[in-house]
Structure formats: C-alpha cells, structure tokens
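Hello,

I am passing on the structure we spoke about, together with some notes on what I found when I went through it. Please keep it open beside this message as you read.

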Amino acid sequence: MARELAKRKKSFESLPFKKANYQIIGVGLISIVFGYVALAQQPWDGVLPLVVAPILLVLGYCILVPLGILYRDKNGEKKDTSPTSTTAPLK
C-alpha cells in the first residue's frame with residue numbers, strides 16, 4: 001500500500017505539459033479563432049468562408065490541439081540522478 005501511495009504522489013509532482021505543448025495548443029487556438037473569423041465574412045459564397053475557414057478549423061481542432069496534447073519532447077526521458085551514479089562505488 002505504501003508503494004501505491006508513493007507512485008501516486010510521484011505522478012502529481014510535475015505538470016505533464018512543457019512549454020512546447022502550450023505553444024502548440026496556443027497556435028491551434030489561434031487557428032480556430034481565425035477560422036471562425038474567416039467563416040463570418042460577408043460574401044457568403046466567397047473563397048474565405050468556403051475554403052479557408054474550414055481548412056483553418058480542421059487544422060486547429062483535428063491536428064494542432066491534439067498534437068499539443070500528445071507531444072512529448074525526445075529529451076523528456078528521466079536522467080539518472082541517483083547519488084550512486086556520480087559518487088564512488090560503495091564498499
């Protein structure tokens with residue numbers, strides 16, 4: 001039971017998202033906002049509302065936001081910081 005508590009406590013110590021995750025999600029949200037702005041333009045049969053807006057919305061909702069959630073840095077592996085790795089071997 002103590003091991004389960006240690007595992008649970010350890011998982012809550014750090015946030016799962018890094019700066020790159022928030023940047024990708026931010027770009028996705030900006031894409032979504034621009035998609036809705038393009039969708040609201042006046043000539044209802046124009047290129048902007050019929051072509052550009054759906055592309056921006058699909059890009060934001062289906063590609064960028066999920067990518068921002070699932071993205072993991074390749075250097076995100078935990079480094080060995082145990083005291084035995086940098087000190088002399090135990091006797």
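Which residues does A53 touch, not counting residues up to four places away in sequence? In this model, which is predicted rather than determined by experiment, A53 touches G35, A38, L39 and L48 once those sequence neighbours are set aside. A53 itself lies in helix α3, and because its relative accessibility is 0%, while buried means under 20%, A53 counts as buried. You can also look at the pair A53 and V37, which are 16 residues apart along the chain and whose C-alpha atoms are separated by 7.8 Å.

The next residue to find is S31, which has its place in helix α2, covering residues 19–39. Is S31 buried or exposed? S31 counts as buried, because its relative accessibility of 6% falls under the 20% cut-off. Leaving out residues up to four places away in sequence, the contacts of S31 are L56, L59, G60 and L64.

Finally, please turn to V47, which is found in helix α3, the helix that spans residues 47–70. With a relative accessible area of 57%, V47 is exposed, because that value is over the 50% required. V47 also helps to make a nonpolar surface patch of about 520 Å², to which L48, L50, V51, V52 and I55 belong as well. It may help to select these residues in your viewer, with V47 as the starting point, and then to compare that view with A53, which is buried.

Best wishes

Key
Residues are numbered from 1 along each chain as its sequence is written. This is a predicted model: local features need pLDDT of at least 70, side-chain atom pairs count only at pLDDT 80 or more; totals for chains, interfaces and linings use all residues. Side-chain values use heavy atoms; hydrogens and water are left out. Patches are made of residues with over 30% relative accessible area and no salt bridge: like charges are joined within 9 Å, nonpolar side chains (Val, Leu, Ile, Met, Phe, Trp, Tyr) within 5 Å. Accessible areas come from the Shrake-Rupley method with a 1.4 Å probe; for residues, only the protein chains shown count as cover. A salt bridge is a side-chain nitrogen of Lys or Arg within 4 Å of a carboxyl oxygen of Asp or Glu. Helices (H or I, at least four residues) and strands (E, at least two) are DSSP runs, numbered from the N terminus. Buried means under 20% relative accessible area, exposed over 50%, partly exposed in between (1.4 Å probe, protein chains only). Contact means heavy atoms within 4.5 Å.
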